[in-house]
Amino acid sequence: MKKAGFGICIAALTGILAACGTEETTSVSEEEPLRILATTSQVGDMVNDIGGEYVEVETLMGPGVDPHLYQPTQEDIGKLANADIIFYNGLNLEGNMQEVFDNVGSETTAVPVAENIPEDMLQTEADSDSTDPHVWFDPDMWSYTADAVTEELSSLNTENGEYYEQQGEAYKNMLTELDTYAEEELGRIPDESRVLVTAHDAFGYFGSAYDLEVEGLQGLSTDSEYSVRDVDNIVNLLVEREIGAVFVESSVSGRSINAIIEGAARQDHEVEVGGELYSDAMGDAGTEEGTYEGMFRHNIDTIAGSLQ
Ligand SMILES: [Zn+2]
């Protein structure tokens, strides 16, 4: 491994070790980390947290990228083929990639983490039978995906199994704390204001978990169209319930949300953008919102702050 080799060479220069990079040095840090490829940033962040020092994670879909519409490039396909493990969300979130996952070579394992969630916890869209893939918005459900990651890393790298177990437990403790925070903060929203309107239906599990009525203009996938009638239905709901805020999503165009705001204005009902939520992508790397925990807290604070 490059990093360990560099350290040894420095030591050699200062005379502590006679040889540079000989086989005598067998510390754990010299092991090659597992090469992981993750599709969404939510999955990548989790694998990084659980795999820690023993994994090298590359995430295909960065900030603002919509997984429903994502088309893998030739370069991506090369990366997928070279990974030790591919972790992806599954449940058809990465709609254009399934064929690639099905055809990775026998050297690579492709794991759809969301498919480790018990089936009776999953929800389907009323008129299409499509399963809702946005499972990361219920920490309780997401904890099952952490189990899938822990199990897979441990089975491929048994000697560090105990480490992965501990990291997986720590990750799930973080999820429990996040859930408590969400319960407390969102619990303050008055009953009549508990309506969350967004561009697409990414918050179904979130709404079920925290008792919010959720309306997305587009369906479960951003590749679905919406009609004037869909806009009117949401506008009428906002007017009737006197809801004054709707939310834009970082990975979806704001055009549809503007149609709602303009429609409400024509009925003399003022609606504002309550803020930007992270739905299918997270924030920039290196910022709070560039982590799963940070983006979740951002959403909670934005929603609780605007629906009062
Ligand atoms: Zn989505």
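Donors are N, O and S atoms within 2.8 Å of the metal. In this predicted model, the donors of the zinc ion are spaced along the chain as H-x65-H-x65-H-x79-D.

**Zinc site**

The zinc ion is coordinated at 2.0 Å by three histidines and one aspartate: H68, H134 and H200, each through NE2, and D280 through OD. The arrangement is tetrahedral because the angles subtended by the four donor atoms run from 92 to 128°, and four donors count as tetrahedral if all angles lie between 85 and 135 degrees. H200 lies in strand β5 (residues 195-200), whereas D280 lies in the loop between β8 (272-277) and α10 (292-306), so this pair ties together parts that are 80 residues apart in sequence. Both H200 and D280 are buried.

**Strand β3 and its partners**

Strand β3 comprises residues 85-88 and is covered on both faces. On one side I85 and F87 are buried, and on the other I86 and Y88 are buried. β3 runs parallel to strand β1 and also pairs in the parallel sense with strand β4. The bridges for each pairing are listed below.

| Strand pair | Residues of the partner | Sense | Bridges |
|---|---|---|---|
| β1 and β3 | β1: 34-38 | parallel | three bridges |
| β3 and β4 | β4: 109-112 | parallel | four bridges |

Individual positions in β3 can be matched to residues in these partners. I86 of β3 stands opposite L37, a position within the range 34-38 of β1. I85, one of the buried residues of β3, stands opposite T109 in β4.

Note on methods: Residues are numbered from 1 along each chain as its sequence is written. This is a predicted model: local features need pLDDT of at least 70, side-chain atom pairs count only at pLDDT 80 or more; totals for chains, interfaces and linings use all residues. Side-chain values use heavy atoms; hydrogens and water are left out. Buried means under 20% relative accessible area, exposed over 50%, partly exposed in between (1.4 Å probe, protein chains only). Helices (H or I, at least four residues) and strands (E, at least two) are DSSP runs, numbered from the N terminus. Two strands pair if DSSP finds at least two bridges between them. Donors are N, O and S atoms within 2.8 Å of the metal (3.2 Å for Na, K and Ca); water is not among the atoms, so sites may look incomplete. Four donors count as tetrahedral if all angles lie between 85 and 135 degrees; four count as square planar and six as octahedral if opposite donors are over 155 degrees apart and all others between 65 and 115; anything else is irregular.
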